[in-house]
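Here's a quick briefing on how two chains sit together and how one of them is built. Have the model open as you read.

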Protein chains: 2
Amino acid sequence: MTCDLVVENAAVLTLDAEWRVHEPGFVAVRGDAIAGVGPMAERDDWEAASAVDAGGRLLMPGFVNAHTHVAMAAFRSAGEDMRDRLGRYLFPLEKRLVTRELVRAASRYCLVEMASSGTTTFADMYYFEDEVAKSAKEAGLRCVLGETVVDFPAPDAPEPYGGIAYGLRFIGEWLGDELVTPCLAPHATYTVGPDRLREIRRVSEGKGLPALMHIAETAPENARFRASHGSVIRYLRSEGLLYPGLVGAHMVYLDDDDIGIVAESGMSVAHCPASNAKSGRPICPAGALSEAGVRLGLATDGPISGNGMDMQGVVGLFPKMQKVLALDREAVPARDAVRAATLGGAEALGLGSVTGSLEPGKKADMILVDADAFNMAPVYDWYAAVAYAMRPHNVDTVFVGGRVVKDGAGMRGVDEAAAKADMRAIAASCSGVIAELERGTR
Amino acid sequence: MTCDLVVENAAVLTLDAEWRVHEPGFVAVRGDAIAGVGPMAERDDWEAASAVDAGGRLLMPGFVNAHTHVAMAAFRSAGEDMRDRLGRYLFPLEKRLVTRELVRAASRYCLVEMASSGTTTFADMYYFEDEVAKSAKEAGLRCVLGETVVDFPAPDAPEPYGGIAYGLRFIGEWLGDELVTPCLAPHATYTVGPDRLREIRRVSEGKGLPALMHIAETAPENARFRASHGSVIRYLRSEGLLYPGLVGAHMVYLDDDDIGIVAESGMSVAHCPASNAKSGRPICPAGALSEAGVRLGLATDGPISGNGMDMQGVVGLFPKMQKVLALDREAVPARDAVRAATLGGAEALGLGSVTGSLEPGKKADMILVDADAFNMAPVYDWYAAVAYAMRPHNVDTVFVGGRVVKDGAGMRGVDEAAAKADMRAIAASCSGVIAELERGTR
């Protein structure tokens, strides 16, 4: 058989249904898709136009970051460790500082960190998502981009709920793109009323698109809907607002009944363990959700919440937090964490047949990892090595749809020096407002 | 004034009592110690034999890793996510595999990861600590090395409690070394009886040395001493076994009374948030201990517990876990975490006047960090940037006692290729036993 590229002599972690590891093994790529995967003994079945010798390195699916706000890289380290930060600090900050130009430059900047650390697919919620789409195309990353809808004037939409109109234009422009899935992102239960949430559901389902939303994340939200409906989840169910295309980020305020309701609804979850912990939130029952059959992805959240945008910062923290919650070292073994950080995220975003594992027919979204590094080797268990020891700098080469987007020389599609210079200019222009708001809220 | 070296044009995070940050600033080094620290306006007061232009990079104290078992790098990723791993898996593994040669090679290997990620001082508990001492000297790192004492035959001492005699010889050989502080390390309450613990206290206090010990770490230990004395801490107090030189690692099973007893005793704590979480343990009340005045350091624990040996993996996790414990985003702000990862660890190990901050008179243990990296910048708050966003690869140059131990070209004192080759040989020789034990315990 013929193919365009073969990556050979790798330890291939497939993340397929049989958890196959080919060591040594190969992946054959034709066009943007995986044509074959197997042990080196079968390598010669393929005639390849080009070959990459992995030299024993690890080849695994790229990470899927299921919930981010990439443009908020402009505000990283601002207003930290502050109670009620969202209302007191972030909304005013965004009102004054978020512009199309900021989103363009900051999203491009942030994607360098993400791609460099092995993320090949990400989901984003913010304003001016058309600018994020352009940055993703430039970087060469796969993404699901949700234009944010709130019931007050937003940086890119002066009318309350103006994000719906903005989002529809955005979807019209980008639907069908090979890398970008455009969609709507209602901000949260406390910023979008039920009528608009229903409208968003109708539009999203009509177009076969996911919808991204913060759900059961904050204490006031939990208190309010617990009083009125028993829980946030029961409120959403009562309004007919839980559905298979809905991707709920955070989901920390869930009781056992809620877990059953979530599973029954077919919705999926973007679990953000680092962000939730940094915000002093209860631990999301992510292990129980997964066991109940809920599609579960992992996510960093945005750069002011995470704050690192590498998936290494969450792939180990997910099992650790679940072990603490269960007081059981066996809870969520490393293998499940690696699956959640790759295929689980793809499934949660409706891309389970497109990416997340190394299997014939899927897009060739994969990363080469130097597992011989001092911080990873020796490796007696690949999943433990990836979940507990791997760090961003171990990622060597990143492929999306068979194209190299990053290698030892850096990003192929982004001028890194220009991206840094742009961010320096943004930070210089933002720092006065950031300091002023910080003085006012401390 | 004259000095040997000045590092200039840096953002100098001093971690001094006034939390001074000189941006831009300099540090002047004479011999192995810091002679001056200040803003660039005062730089010209110093005539320096050599100068390093930091080019705006961050200059901060090196990290202090307050509890490790570096030689266990040989076993990284073995027997993961397994209940009762210590007794069922690790002790048998060590009995069969730990030799002087393994400790020599594996400790040297592990120190590369640690130094490269910015650790300048570490505390270690294991067998053959004289080999760890040699590796530390080779790498150029400062350390407190505790020879392990257990009541059963150990890899380096065939008699029960043989570690005491081994440790006394080790102390005799190394006491007074400029980098190495040798001492004794009773393993735990459940592996060393009270008479031997008292003997270790007597010896340690007699020589003015710390003693390193696992305390209140495991559920069976907690259950046993809770039944007999109310708590592990109350047992140790009743036996006269809490004292200022004692460094307790883990300390997860503590109630409010215990926190007061610990504070009163003058002992210190090595907090291991990543290791504790991965073991499914309760969250150590580290914030409360610190507030009660207990000297608190941060630690990775060993490479099979952490599993990364970089302090970036714990400096952010400490505040995150404390915020989860308190359900309060303001609990343990980033600044306190950075202090615990540097000066706090030095204080906990009895080295508070030697290292941990950038102040005249202290040893020049410091790191240059590329905070302009995509994953760190922009920086509106240095402490948040270090605690929440910094990653191992951001560490550029590492100084211990004014000497460069690592820079862009790698380690100065360790042949990295040889260290990797040695570890490959060790892993090859261990993998059969590791797999055999794993089959027997799953």
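What follows covers the symmetry of the pair, then the domains of chain A.

This is a predicted model, where local features need pLDDT of at least 70, side-chain atom pairs count only at pLDDT 80 or more, and totals for chains, interfaces and linings use all residues. Residues are numbered from 1 along each chain as its sequence is written, while chains are lettered from A and ligands numbered from 1 in the order in which they are written.

**The two copies**

- A turn of 180° with a shift of 0.0 Å along the axis lays chain A on chain B at an RMSD of 0.0 Å (least-squares superposition on C-alpha atoms of residues with pLDDT of at least 70 in both).
- The copies are thus related as by a two-fold rotation axis.
- Within chain A, A:His393 has the C-alpha nearest that axis, at 3.1 Å.
- The copies meet through the same surface, because 100% of chain A's interface residues are also interface residues in chain B.

**The domains of chain A**

- Chain A splits into domain 1 (2–61 + 364–411) and domain 2 (63–348), with bounds from an automatic or database domain assignment.
- Taken over C-alpha atoms, the centres of domain 1 and domain 2 of chain A are 29 Å apart.

**Where the domains of chain A touch**

- Domain 1 of chain A puts 21 residues into the contact and domain 2 of chain A puts in 23 (contact means C-beta atoms, placed from the backbone, within 7 Å).
- On the domain 1 side, helix 14 (382–389), strand 15 (395–400) and strand 16 (403–407) of chain A each give two or more residues (helices are DSSP runs of H or I, at least four residues, and strands are runs of E, at least two, numbered from the N terminus).
- Helix 14 of chain A supplies the largest share of that side, five residues.

Key:
Two residues are in contact if their C-beta atoms, placed from the backbone, lie within 7 Å.
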